[in-house]
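Reader: I should like to examine how the descriptive terms applied to this model are justified. Could you take me through them one at a time?

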Amino acid sequence: PTRRSSDLGWQAEVVGQGNDHPFADDLTTAGYNVRYVRSLRTTAGLGDLARLLRATRPDVVHIHTEEAHGPISLVARGTLPNVGLVRTIHNVFNFRGVTVARRRLQNTMARLVGTYHVAPSWDVADNERKNWSLNCKVIENWVADEFSHDMHSDRRSITAETPLLVAMVGNC
């Protein structure tokens, strides 16, 4: 049986941009409330986010999107001054041209309001420190023991001499 966040004494909501999300049904089945706002690259979308934050009053806002992470941080802090802000940086991004200036501006916004930065690996954290002077806490990707055990036993019975390899994708 799936353990829902509410069974653990907390509730999580997933906020998607646009009108639809390819994982919405799976997330809902897993116990998450899925809501939508317009694109967070727009003033209208940031207004939607502010209204949603006022209505739900979360303790923590976890920012997964790379685009608009600065404005999202500003809106979240402005809407709920005591909210915890955590941003996960999922990949090594090597920006060029105008996107470098845009990224610097967004990082400055996030820093100004006290956003805490997390990376899923040391190479992502090193890239952020080297290129953007961001210090990230590394929290490595993981797989639940049940998933790992089930996959391990199924695959091992088929290919006992082949090492088990698992690819994790953090940009979903």
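Author: The exchange below sets computed values against the definitions behind each term. This is a predicted model, in which local features need pLDDT of at least 70 and side-chain atom pairs count only at pLDDT 80 or more, whereas totals for chains, interfaces and linings use all residues. Residues are numbered from 1 along each chain as its sequence is written, and side-chain values use heavy atoms, with hydrogens and water left out.

Reader: Why is N107 called buried?

Author: Buried means under 20% relative accessible area, exposed over 50%, and partly exposed in between, with a 1.4 Å probe and protein chains only. N107 has 1% relative accessibility and therefore counts as buried. N107 is located in helix α4; helices are DSSP runs of H or I of at least four residues, strands are runs of E of at least two, and both are numbered from the N terminus.

Reader: What makes a residue a contact of N107?

Author: Contact means heavy atoms within 4.5 Å. With neighbours within four places in sequence left aside, N107 is in contact with H69, R87, W132 and L134.

Reader: How do you know whether R57 and S133 are buried or exposed?

Author: The relative accessible area of R57 is 54%, so R57 is exposed. S133, at 55%, also counts as exposed. R57 lies in the loop between α2 and β3, and S133 in the loop between α5 (122-132) and β6.

Reader: What makes the phi of R57 worth noting?

Author: Most residues other than glycine have a negative phi. R57 is not a glycine, yet its phi is positive, near 50 degrees. S133, likewise not a glycine, has a positive phi of about 55 degrees.

Reader: Why are β3 and β6 said to stand at the edges of the sheet?

Author: The sheet is open and has 4 strands in the order β3-β4-β5-β6, with parallel pairing. β3 and β6 (137-138) each have a single partner strand, so one side of each is left without a neighbour in the sheet.

Reader: How do you know that β5 and β6 pair?

Author: Two strands pair if DSSP finds at least two bridges between them. Strand β5 (residues 116-119) and β6 have 2 bridges, in the parallel sense, and the criterion is therefore met. Within this pair, V118 stands opposite K137. K137 also touches Y116, H117 and A119, and its relative accessible area of 44% makes K137 partly exposed.

Reader: What makes a set of residues a nonpolar core?

Author: A nonpolar core is a set of buried Ala, Val, Leu, Ile, Met, Phe, Trp, Tyr and Cys residues joined through side-chain atoms within 4.5 Å. The largest such core has 17 residues, of which L40, V61 and I72 touch the most other members. Two or more residues come from each of α2 (43-56), β3 (60-63) and α3 (69-79), and α2 gives the most, with 5. A second, separate core has 9 residues, including I89 and V138.

Reader: Why is the space of about 290 Å³ called a pocket?

Author: On a 1 Å grid over the protein atoms alone, a cavity is a set of points where a 1.4 Å probe fits but cannot get out, whereas a pocket is an open set with protein on both sides within 12 Å along at least five of seven lines; lining residues have an atom within 4 Å of a point. The space of about 290 Å³ is the second largest pocket, and 14 residues line it, those closest to its centre being E66, E67, A68, R102 and Q106. Helix α4 (residues 98-112) supplies the largest share of this lining, 6 residues.

Conventions
Points joined across faces, edges and corners; volume = space filled by probe spheres on them.
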